[in-house]
Amino acid sequence: MTSSPQDPLLARAAAWLAEAQSLFVLTGAGVSRESGIPTFREARKGLWARFDPEQLASRAGFDADPALVWRWYRWRKARVRAASPNPAHHAIAALERRVADFTLATQNVDGLHRRAGSRAPLELHGSLDRVRCERCGQRLPWEEVPEDLAVPRCACGGRLRPDVVWFHEPLDTETLAQALAAATRAELCLAVGTSGVVQPAASLPLVAKRAGARLLVIDPGDTVLGPLADLWLRERAGRCLPALAPRLSGAPGRPRRALG
Ligand code: OAD
């Protein structure tokens with residue numbers, strides 16, 4: 001079932017968002033789908049289908065063939081560079097300006113929330129905007145890495161790697177702690193475009209719900225979060241979130257800072 005602007009489900013979702021004083025948002029690859037970036041599971045088809053994800057996104061894969069892993073991430077970075085934030089990213093950035101206690105946590109590494117104006121997204125799985133040295137831990141902007149080196153090196157001699165979380169790697173503890181705290185205090189949790197299968201990020205909406213929050217899910221597909229939702233809009237984020245925005249504009253928002 002897809003929602004239309006007159007849809008009562010949309011009106012209810014907009015009312016919840018307008019009333020929320022503490023909102024926790026979790027996004028996944030689906031929020032960037034309408035920016036032309038394949039979701040994580042779609043990206044596994046086509047060009048890279050012949051590789052096992054572990055070969056491309058794990059420490060063991062990097063040790064086995066670091067040049068291959070750099071080719072994969074340079075391919076993904078090129079896709080991200082060519083992409084722009086879509087209306088869903090902008091709607092989430094607009095929500096941040098309206099809600100007193102707002103936290104955005106994303107599983108995406110594409111940096112599109114920041115480019116849409118989200119001020120401090122918690123990048124649970126890291127970001128392709130940065131690389132880091134395996135040896136000394138120094139982080140650098142991706143743009144500072146020479147494109148012609150198959151496996152770039154740090155000034156200390158260590159190998160540089162994309163600053164993203166690979167399979168079997170832990171998330172940054174401080175980032176995860178901030179997300180958990182925000183989920184626990186939220187009165188509304190909005191989960192957009194995530195299949196809800198990768199832990200620990202996938203548990204955050206459940207943490208919010210157990211702590212008393214309503215769970216609003218936006219996803220046209222069969223996310224495992226859907227059946228757990230208090231309201232599930234089976235709609236594309238790029239269409240659904242902006243449709244919520246006009247209803248929000250009339251609501252008595254509590255702008256945390258002057259809109260603009
Ligand atoms: P998935 O590819 O697992 O799920 C994408 C979700 O987006 C699915 O539920 C789709 O139905 C939904 N979707 C597709 N198009 C959409 C649209 N236009 N609007 C809204 N939703 C849409 O991606 P994630 O859940 O983000 O981890 O995957 C989580 C993690 O799995 C990734 O961050 C990655 C991978 O292992 C790491 O890289 C550590």
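This passage walks through a helix, a sheet and a buried histidine in a predicted model.

Helix α1 is a good place to start. It covers residues 8-19, and at 1.5 Å a residue its 12 residues should span 16 Å; the C-alpha atoms at its ends turn out to be 16 Å apart, so the expected and computed lengths agree. The N-terminal end of α1 gets a cap from D7, which has a side-chain oxygen 2.6 Å from the backbone nitrogen of L9. L9 also belongs to the buried residues of α1, along with L10, A13, A14, W16, L17 and A18. As a rule, residues three or four places apart in an α-helix point the same way, because there are 3.6 residues a turn.

Next comes the sheet. It is open, has 6 strands and pairs them in parallel, in the order β3-β2-β1-β7-β8-β9. At the edges sit β3 (122-123) and β9 (231-233), each with pairing on one side only. Further in, β7 (residues 188-192) and β8 (residues 214-218) run parallel and are joined by 5 bridges. One residue to look up here is A191, whose bridge partner in β8 is V217. Helix α5 (residues 87-98) packs on this sheet, where it touches β1 (22-27), β2 (101-106) and β7. The directions of α5 and β2 make an angle of about 150°.

That leaves the histidine, H113, which is found in helix α6 (residues 112-115). H113 has a relative accessible area of 3%, and buried means under 20%, so H113 counts as buried. Its side chain makes a polar contact of 2.8 Å with the side chain of T27. Leaving out residues up to four places away in sequence, H113 touches T27, V31, H89, I92, L104, T106, S118 and P121.

Notes:
Residues numbered from 1 in each chain as written. Predicted model: local features only at pLDDT ≥ 70, side-chain atom pairs only at ≥ 80, totals over all residues. Heavy atoms only, no water. Helix = DSSP H or I, 4+ residues; strand = E, 2+ residues; numbered from the N terminus. Expected span 1.5 Å × (residues − 1). Buried < 20%, exposed > 50% of the residue type's maximum accessible area, 1.4 Å probe, protein only. Polar contact = N/O pair within 3.5 Å; in protein donor to acceptor, adjacent residues only side chain to side chain. Pairing = 2+ DSSP bridges. Contact = heavy atoms within 4.5 Å. Axes fitted to C-alpha atoms, helices over the stretch in contact; angles between N-to-C directions.
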